[in-house]
Amino acid sequence: QHMTQKALILKHLLRGMSLTPLEALIRFGCFRLGARIYDLRKEGYTIERTIDKKKRFAVYKLKLPA
């Protein structure tokens, strides 16, 4: 069964793991992580973005309900 990039990214985030654009490219062949995050947010997922100040890239993490 072939999973979409969006489904693979969601599965990764649901495991409680964070994801950077470089990790998304290496793991899932996803060049546009921001666009996939946008799609997931439109579906109702709360995904937080922080910026790694040293390396200057985005880090995404799913915020799970309490």
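This note walks through the core, the surface patch and the salt bridges of the structure above.

1. **Status of the model.** The structure is a predicted model. Residue numbers count from 1 along the chain.

2. **The core.** The largest nonpolar core has 14 residues. Ile9, Leu13, Leu19, Leu33, Ile37 and Ile47 touch the most other members. Four elements give two or more residues to this core: α1 (5-14), α2, α3 (33-42) and β2 (57-62). Helices and a strand thus both appear in that list.

3. **Ile9.** Start with this member of the core. Setting aside neighbours within four places in sequence, Ile9 is in contact with Leu19, Phe28, Cys30, Leu33, Arg36, Ile37 and Leu40. Leu19, Leu33 and Ile37 are also among the core residues that touch the most other members. One charged residue to follow up from the contacts of Ile9 is Arg36.

4. **Leu19.** This residue sits in the loop between α1 and α2. Is Leu19 buried or exposed? Leu19 is buried, because its relative accessible area is 0%, and the cut-off for buried is under 20%. Beyond its neighbours within four places, Leu19 is in contact with Ile9, His12, Leu13, Ala24, Phe28, Leu33, Ala58, Val59 and Tyr60. Take Ala58 from that list. Leu19 and Ala58 are 39 residues apart in sequence, yet their C-alpha atoms are 8.4 Å apart in space.

5. **Arg36.** Look next at helix α3, where Arg36 is placed. Arg36 counts as buried because its relative accessibility is 19%, and buried means under 20%. Not counting residues up to four places away in sequence, Arg36 touches Gln5, Lys6, Ile9 and Cys30. Arg36 also forms a salt bridge with Asp39, with the closest N and O atoms 3.1 Å apart. The two are three residues apart in helix α3, so about one helical turn separates them. Asp39 counts as partly exposed, at 23% relative accessibility.

6. **Lys6 and Glu43.** How many salt bridges does a search of the whole structure find? It finds three. One of them joins the side chains of Glu43 and Lys6, at 2.3 Å from N to O. Glu43 lies in the loop between α3 and β1 (47-52) and Lys6 in helix α1, so the pair ties together parts that are 37 residues apart in sequence. Both ends are partly exposed: Glu43 has a relative accessible area of 46%, and Lys6 has 26%. Lys6 is also one of the residues that Arg36 touches.

7. **Lys63 and Glu48.** Lys63 forms a salt bridge with Glu48, and here the closest N and O atoms are 4.0 Å apart. A reader should note the cut-off: a salt bridge needs the nitrogen within 4 Å of the carboxyl oxygen. Lys63 lies in the segment after β2 and Glu48 in strand β1, so this pair ties together parts that are 15 residues apart in sequence. Lys63 counts as partly exposed at 48% relative accessibility. Glu48 counts as partly exposed at 40%.

8. **The surface patch.** Which residues make the nonpolar surface patch of about 480 Å²? They are Leu22, Leu25, Ile26 and Phe31. Ile26 lies in helix α2 (residues 21-28). Ile26 counts as exposed because its relative accessibility is 66%, and exposed means over 50%. Helix α2 also gives two or more residues to the largest nonpolar core.

Terms used:
This is a predicted model: local features need pLDDT of at least 70, side-chain atom pairs count only at pLDDT 80 or more; totals for chains, interfaces and linings use all residues. Side-chain values use heavy atoms; hydrogens and water are left out. Patches are made of residues with over 30% relative accessible area and no salt bridge: like charges are joined within 9 Å, nonpolar side chains (Val, Leu, Ile, Met, Phe, Trp, Tyr) within 5 Å. Accessible areas come from the Shrake-Rupley method with a 1.4 Å probe; for residues, only the protein chains shown count as cover. Buried means under 20% relative accessible area, exposed over 50%, partly exposed in between (1.4 Å probe, protein chains only). A nonpolar core is a set of buried Ala, Val, Leu, Ile, Met, Phe, Trp, Tyr and Cys residues joined through side-chain atoms within 4.5 Å. Contact means heavy atoms within 4.5 Å.
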